Amino acid sequence: MIEFDSVRLVGAALLAALCAGVPAGDALSEPFIVKDGTPQADIIIANQPPRMVKLAALELQAYIEKISGARLPIATAPLKDMPAHVYVGKSKYTDELKITDEGLKSGAFKIVSGNDYLALLGQDRDFTPPSIALNVGTNLTKEWDTLTCEKWGMPFRGINRRYSPAVGISDYDERGSLYAVYEFLENLGVRWYMPGDLGEVVPERKSIALSPVDKLVKPDFNYRDLGGYSPHFDGGPRDSVLWRLRMRFSMGEEIVGLGGFAHSLNLIHGRDEVKQTHPDYFALYSGLRATNHMHSGAPCLSSPGLFDSTVKYARFIFDTYTNQPAISVMPNDGYVSLCQCELCKGKDTPERGYQGQLSDYVWDFTDRVARELYKTHPDKKIINDAYGPYLLPPVKIEKFSPNVLVAICEQRFGYADPQTYALYMDIRKVYLEKAAPGNLFTGGHYLYTRPTGAFAGVPVFFPHMISKDLRALKGVSQGEFIELSQGPQSAMHAPGINHLNVYVTGKLYWEADRDVDKMLDEYYKSFYGPAAKNMKKFMEYCEANWPLMKTKVEPIDKALELLADARKAAGDSVYGMRIDVIIGDTEPVKKLREKLAVGRKGAPQAVAAERKSADLKLDGKLDEPFWKDVPVYELKDLSTGKPPAHKTTFQVVWSDTAIVFGIRCEDDDMPNLNIATRKNEDSNLWAGDAVEVHLETQTHAYYQVAINPAGAIIDADRRVRIDTKWNSEAEVAAYAGDNFWCVEIRFPVVDNDAGGADPLKKVEGRKPTATSPWYFNVGRQRIRKGQLEEASAFSPTYANHFHVPIKFGELIVK
Ligand SMILES: [Zn+2]
């Protein structure tokens with residue numbers, strides 16, 4: 001055993017040696033944690049530590065053993081024969097050393113060494129769910145209704161799903177000391193790139209020195225909820241849960257509360273009792289209160305009753321759960337249309353396009369609730385997300401109430417598109433000006449390759465964009481909520497594809513300025529060994545080209561070829577097994593490739609006749625000579641291709657510099673025709689009967705135009721996302737007969753130059769010919785009492801929606 005004083009001397013000598021650039025191992029009696037495969041230290045925890053501290057000690061023990069073969073004993077008091085001690089978490093020993101966890105928020109930690117000890121310390125606390133929430137996820141409790149004297153939904157839904165029986169911890173547990181352990185192990189060279197044994201890199205060494213260290217590590221982003229709703233801890237495999245912990249995420253309860261950024265306004269209005277007693281809380285769509293829209297109903301945000309109940313709910317939550325900092329009043333998903341009641345009239349802003357059409361309407365509600373709450377609870381926050389039709393910042397609110405938390409739902413993977421990137425940077429800037437300092441958050445999803453999506457299996461890697469974006473967000477956003485898709489047994493979906501994006505994001509949440517290329521080089525070398533160069537080539541190719549893979553066969557082939565090369569280079573090894581995981585996860589992309597290879601071969605063709613514009617009488621009727629002898633085409637059921645119950649036919653004409661559609665919809669229930677709006681550019685239109693025309697010209701993919709039986713029109717450019725600021729400037733007329741309705745639509749068509757000069761107006765393209773056709777679809781939806789009864793299309797998409805461009809039919813002029 002080494003004398004206390006001599007250790008101190010050696011420690012000083014070691015420091016001097018380090019400063020002089022002499023390798024530390026040269027010091028003769030340097031303190032060790034492990035020497036030549038023999039334990040030189042014990043792991044000391046408190047008598048009754050929080051559960052995360054126990055886990056931290058076990059993780060440290062396990063990885064020290066994996067590295068060196070030495071198993072350090074875990075004890076609650078220093079063992080006599082051990083020369084050094086590793087203190088994990090707060091204990092009387094760290095108290096004696098005056099190493100405290102004071103001020104270590106959001107997972108921050110300290111790593112401090114002395115002559116014969118190493119302390120790994122952060123704040124640790126077991127999460128105790130609020131007592132009323134114990135039945136969350138099962139039934140509404142009588143207890144809850146008795147407590148509230150209201151018919152509100154249960155708050156904090158899903159928090160029990162954040163408890164992992166497999167590991168015995170909750171995702172809400174504070175765990176700074178565990179993060180200190182992970183930092184220490186990573187400094188020794190351990191890496192956790194992917195869940196499970198296969199995903200980790202562990203260096204081998206017989207000795208681990210107790211090197212001098214004194215550091216305090218804080219994350220750049222305090223809220224780090226990567227995973228979103230999933231992978232849930234509950235039922236999640238141990239590997240998956242541990243990997244999430246090793247990524248050092250944080251649920252941020254102390255910042256955003258237990259409800260986070262979820263859609264939560266439905267807690268006020270979603271229950272059946274409320275639907276029956278307060279129909280005025282609900283939006284009026286097509287003359288009906290939308291009590292069942294997306295299950296819990298769409299709110300009327302002008303309703304005084306709904307406002308009062310929301311404020312009352314907020315006060316109740318903060319009075320009852322006094323440590324909760326914030327609640328969300330974000331409307332339900334699918335909330336896209338303005339309520340048509342008298343109070344709401346004129347409160348939308350369709351001229352701002354789809355992403356701004358409800359901005360002032362929704363943010364006004366958020367801000368009013370926050371201002372009212374501020375009078376009684378100035379330290380409590382109200383959350384809303386900038387999302388969907390209220391993504392753009394409101395115009396009429398110059399500054400939000402100081403207690404409004406804004407979470408911008410972004411699309412980081414889409415920032416390769418310069419227009420998208422510019423749009424979101426602008427949105428961020430304006431919200432930053434409107435929100436009080438420290439009240440801005442970001443979020444979104446990494447779901448591009450989700451299993452049910454059209455682009456499943458596409459190898460999407462975007463580490464450089466993650467790096468660029470998080471650097472820009474450091475000091476701007478307080479943190480993030482990023483949704484990931486869930487695979488089998490609540491594990492992460494497609495880890496072979498998703499792990500790198502998640503890993504890079506997790507690391508940069510702690511140190512946004514880190515050199516991402518250095519990180520990646522290390523990753524390629526240590527994770528893929530002999531295949532490092534090939535994998536770098538593969539991943540860099542995918543990073544540059546994945547957006548093309550949704551429409552082109554060649555980049556898919558090239559990526560899979562590079563991946564196969566890498567597999568060959570890796571040989572029969574752990575490196576090869578890792579690449580096999582990626583190969584397995586990219587398997588679904590082959591289906592997409594098949595579809596793309598078939599392409600539009602076999603697509604139905606429609607022939608447009610040529611007629612003179614002067615002969616068109618735009619009255620909705622299709623009876624003038626203009627339409628005579630123009631071929632007539634019939635729609636089929638959208639998802640099955642069978643004849644639909646309600647027949648729809650159309651004709652199409654090229655007329656000078658315009659394309660004209662005549663569409664006739666037979667209907668045996670004309671008295672109940674569902675005219676959802678009589679206004680143009682009103683997204684309520686999609687809640688009623690309508691026909692749609694989708695046009696892909698030689699130079700633009702694609703335009704979407706919907707017209708209803710009243711002749712109201714809404715048009716959008718779908719080049720990247722839905723952009724309703726684009727205006728087709730089409731002329732429309734509708735006509736209703738006894739058992740049918742029909743429309744005439746005349747689209748002016750402009751050439752490339754004019755289209756380029758004003759891309760927000762008119763269809764851009766040239767006259768479609770056999771050698772240079774357009775692709776298109778005509779569709780019809782029949783909606784009665786809020787339910788879709790039938791959807792049909794000229795070219796069935798075999799999906800439950802119209803938006804499958806690869807299925808578009810061909811259009812030529814003859
Ligand atoms: Zn209303």
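Q: In this predicted model, which order do the strands of the six-stranded open sheet take, and is the pairing parallel, antiparallel or mixed?

A: Here is the general idea to start from. Strands of a sheet pair through backbone hydrogen bonds, either parallel or antiparallel. In this case six strands line up as β4-β3-β5-β7-β6-β15 in an open sheet, and their pairing is mixed. At the edges are β4 (74-75) and β15 (214-217), each of which pairs on one side only.

Q: Which strands of that sheet can I take as an example of the parallel sense?

A: Try β5 (residues 84-88) and β7 (residues 117-122), which pair in the parallel sense over four bridges. To find the register, look at Tyr 87, whose bridge partner in β7 is Ala 119. While you are there, keep a general point in mind: in a regular strand the side chains alternate between the two faces of the sheet.

Q: What is the strand order in the three-stranded open sheet, and why is one side of β2 and of β14 left without a neighbour?

A: The order is β2-β1-β14, with antiparallel pairing. β2 (38-39) and β14 (208-209) are the edge strands and each has a single partner strand, so one side of each lacks a neighbour in the sheet. Strand β1 (residues 32-35) is joined to β2 by two bridges, running antiparallel. One place to check this is Lys 35, whose bridge partner in β2 is Thr 38.

Q: How many residues lie between the strands of the β32 and β33 hairpin?

A: A hairpin is read from its two strands and the link between them. Here β32 and β33 have three residues between them. Six bridges join strand β32 (residues 731-736) to strand β33 (residues 740-750), and the two run antiparallel. Glu 731, for instance, has Arg 746 of β33 as its bridge partner.

Q: Which residue takes a positive phi in the hairpin of β35 and β36?

A: That is Lys 785, with phi near 50 degrees, in a hairpin that has two residues between its strands. Strand β35 (residues 774-784) pairs with β36 in the antiparallel sense over six bridges, and Gly 779 has Ala 793 of β36 as its bridge partner. β36 (residues 787-793) is also joined to strand β26 (residues 636-637), by two bridges and again running antiparallel. In that pairing Asp 637 stands opposite Ser 792.

Q: Where should I look for other backbone angles to check?

A: Two places are worth a visit. The peptide bond from Ala 701 to Tyr 702 is cis, with omega near -10 degrees, and Tyr 702 belongs to strand β30 (residues 701-707). Arg 248 is a residue other than glycine with a positive phi, near 60 degrees. You will find Arg 248 in the loop between α6 and α7 (253-256).

Q: How many salt bridges does a search of the whole structure find?

A: The search finds 54. A salt bridge is read from the side-chain nitrogen to the carboxyl oxygen, with a cut-off of 4 Å. Asp 225 and Arg 244 form one such pair, at 3.6 Å from N to O. The pair links distant parts of the chain, with Asp 225 in strand β16 (residues 223-227) and Arg 244 in helix α6 (residues 238-246), 19 residues apart.

Q: What are the domains of the chain, and how much area do domain 2 and domain 3 bury between them?

A: Begin with the bounds, then turn to the interface. The assignment gives domain 1 (2-126 + 173-218), domain 2 (255-407) and domain 3 (605-813). The C-alpha centres of domain 2 and domain 3 are 35 Å apart. At their interface, 15 residues of domain 2 are in contact with 14 residues of domain 3. The two domains bury about 1100 Å² between them, with 42% of it on carbon and sulfur atoms. Ser 286, Gln 340 and Tyr 354 supply 37% of the area that domain 2 buries against domain 3, more than any other three residues.

Q: How many salt bridges and how many residue pairs in polar contact are found between domain 2 and domain 3?

A: The rule finds one salt bridge across this interface, and the count of residue pairs in polar contact is eight. By class, the side of domain 2 that touches domain 3 has six nonpolar, six polar and three charged residues. For a salt bridge to inspect, take the side chains of Asp 348 and Lys 679, which meet at 3.8 Å, N to O.

Technical notes
Residues are numbered from 1 along each chain as its sequence is written. This is a predicted model: local features need pLDDT of at least 70, side-chain atom pairs count only at pLDDT 80 or more; totals for chains, interfaces and linings use all residues. Side-chain values use heavy atoms; hydrogens and water are left out. Domain bounds come from an automatic or database domain assignment. Contact means heavy atoms within 4.5 Å. Buried area is the accessible area (1.4 Å probe) that two parts lose on being put together, summed over both. A polar contact is a pair of N or O atoms within 3.5 Å; within protein, one must be able to donate a hydrogen and the other to accept it, and residues adjacent in sequence count only if both atoms are side-chain atoms. Ala, Val, Leu, Ile, Met, Phe, Trp, Tyr, Cys and Pro count as nonpolar, Asp, Glu, Lys and Arg as charged, and the others, Gly among them, as polar. Two strands pair if DSSP finds at least two bridges between them.
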